[in-house]
Amino acid sequence: MTPNEKTKVLIEALPYIERYDNKIVVIKLGGNAMSEIKNAAEDIAFLKRMGINVVVVHGGGPEIDRELKKNGINPKFINGLRYTDEKVIKAVEKVFHRINKRIVNMLKSKNVKAINAMNCIKARQKSQELGLVGEITRVDRQKLAKHLGSDHVPVISPIGTGVNGQKYNINADTAASRVAVALRAEKLTILTNVDGVMINGSLMPHIDFMTAKKEIRKGNINKGMIPKVEACIYAVKNKCPKAHLINGLVPHSLLLEIFTDRGIGTEIVYKNGNN
Ligand code: ADP
Ligand code: MG
């Protein structure tokens with residue numbers, strides 16, 4: 001890269017640094033959270049130094065599956081959501097605690113203050129059929145604001161607490177979108193293990209709400225991609241200005257997405273040409 005090209009990259013970042021200064025960005029790490037946080041930790045450190053308030057929500061599907069199998073339990077899914085009983089919720093809590101700690105430590109190793117933001121999601125049972133799967137009733141904004149105020153990155157595990165203290169399992173994409181809306185975040189970025197939304201083999205740089213619904217109906221968007229797209233639609237519908245899906249396995253995908261003109265991955269917009 002010539003000196004000229006280097007300065008061009010830095011200058012290109014300026015409007016984005018201004019736009020996100022002191023704003024909140026919610027980042028969801030996928031089920032492969034460990035490889036993703038390894039890639040993302042430095043980027044998050046960069047975002048923090050640029051004055052962005054970062055909030056992390058993590059998933060953990062594959063590790064939960066391994067934990068359940070170790071205990072002789074077969075994972076069961078209904079419409080992409082994990083059927084959760086007492087034994088499963090115990091395993092989920094244990095695995096999430098472990099993943100949360102790893103993320104916090106990884107951020108600390110990059111000199112970023114980070115904290116497990118416990119008990120900031122209130123929930124109730126979503127349906128009888130799914131057992132202890134929760135539906136979010138409230139996000140504790142005060143608690144999260146306090147962490148942000150002391151310059152920490154709150155790291156949220158998608159577990160909700162019911163009025164009676166019962167713990168509920170919540171899809172991490174859904175949790176991230178509810179947190180983004182509750183905190184009036186400037187952006188929701190979901191890191192996953194693919195480049196973005198693929199339709200008939202091509203990556204969609206943008207997808208609007210109507211097209212997304214249609215492609216879900218046609219089955220072109222399926223399985224784990226459904227809650228992601230729905231989470232992004234929920235966010236943009238509820239005044240979160242931007243929602244993106246990017247590949248968390250690509251080094252520095254977060255920086256590229258936030259600080260360059262071209263961006264990467266798939267941006268979910270409410271209406272075509274309107275966002
Ligand atoms: P995460 O752990 O990040 O939540 P998931 O496995 O739950 O990841 O969801 C991502 C997966 O969704 C992809 O690996 C892919 O197999 C699947 N998927 C389904 N439909 C699509 C689509 N249209 N475009 C891209 N990925 C899709
Ligand atoms: Mg998933």
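Two residues are in contact here when heavy atoms lie within 4.5 Å. By that rule, take the contacts in this predicted model between residues at least 6 apart in sequence: 74% of them join residues at least 24 apart.

On to the overall build. The secondary structure adds up to 9 helices and 16 strands. For 275 residues, a compact globule should have a radius of gyration near 19 Å, and the protein comes in at 18 Å, so the two agree. Half of the chain is tucked away, with buried residues making up 50% of the 275.

Here are some whole-protein values side by side:

| Property | Value |
|---|---|
| C-alpha box along the principal axes | roughly 60 × 45 × 35 Å |
| Accessible surface | about 13,700 Å² |
| Share of that surface from carbon and sulfur atoms | 52% |
| Distance between mean positions of the positive and negative charges | 5 Å |

That charge distance rests on 44 positive and 26 negative charges.

Now zoom in on one residue, Gln125. Gln125 belongs to strand E6, which covers residues 121-125. Is Gln125 buried, exposed or partly exposed? Its relative accessibility is 31%, and since buried means under 20% and exposed over 50%, Gln125 counts as partly exposed.

Which residues does Gln125 touch, leaving out those up to four places away in sequence? They are Gly131, Val133 and Tyr168. With Gly131 there is a polar side to the story: the Gln125 side chain reaches the backbone oxygen of Gly131 at 2.8 Å. Val250, on the other hand, sits 125 residues from Gln125 in sequence and 36 Å from Gln125 in space, C-alpha to C-alpha.

Definitions and conventions. Residues numbered from 1 in each chain as written. Chains lettered and ligands numbered in written order. Predicted model: local features only at pLDDT ≥ 70, side-chain atom pairs only at ≥ 80, totals over all residues. Heavy atoms only, no water. Helix = DSSP H or I, 4+ residues; strand = E, 2+ residues; numbered from the N terminus. Rg over C-alpha atoms; globule rule 2.2 N^0.38 Å. Buried < 20%, exposed > 50% of the residue type's maximum accessible area, 1.4 Å probe, protein only. Areas by Shrake-Rupley, 256 points an atom, 1.4 Å probe, with all protein chains shown as cover. Lys, Arg positive; Asp, Glu negative; His and termini not counted. Charge placed at Lys NZ, Arg CZ, Asp CG, Glu CD. Polar contact = N/O pair within 3.5 Å; in protein donor to acceptor, adjacent residues only side chain to side chain.
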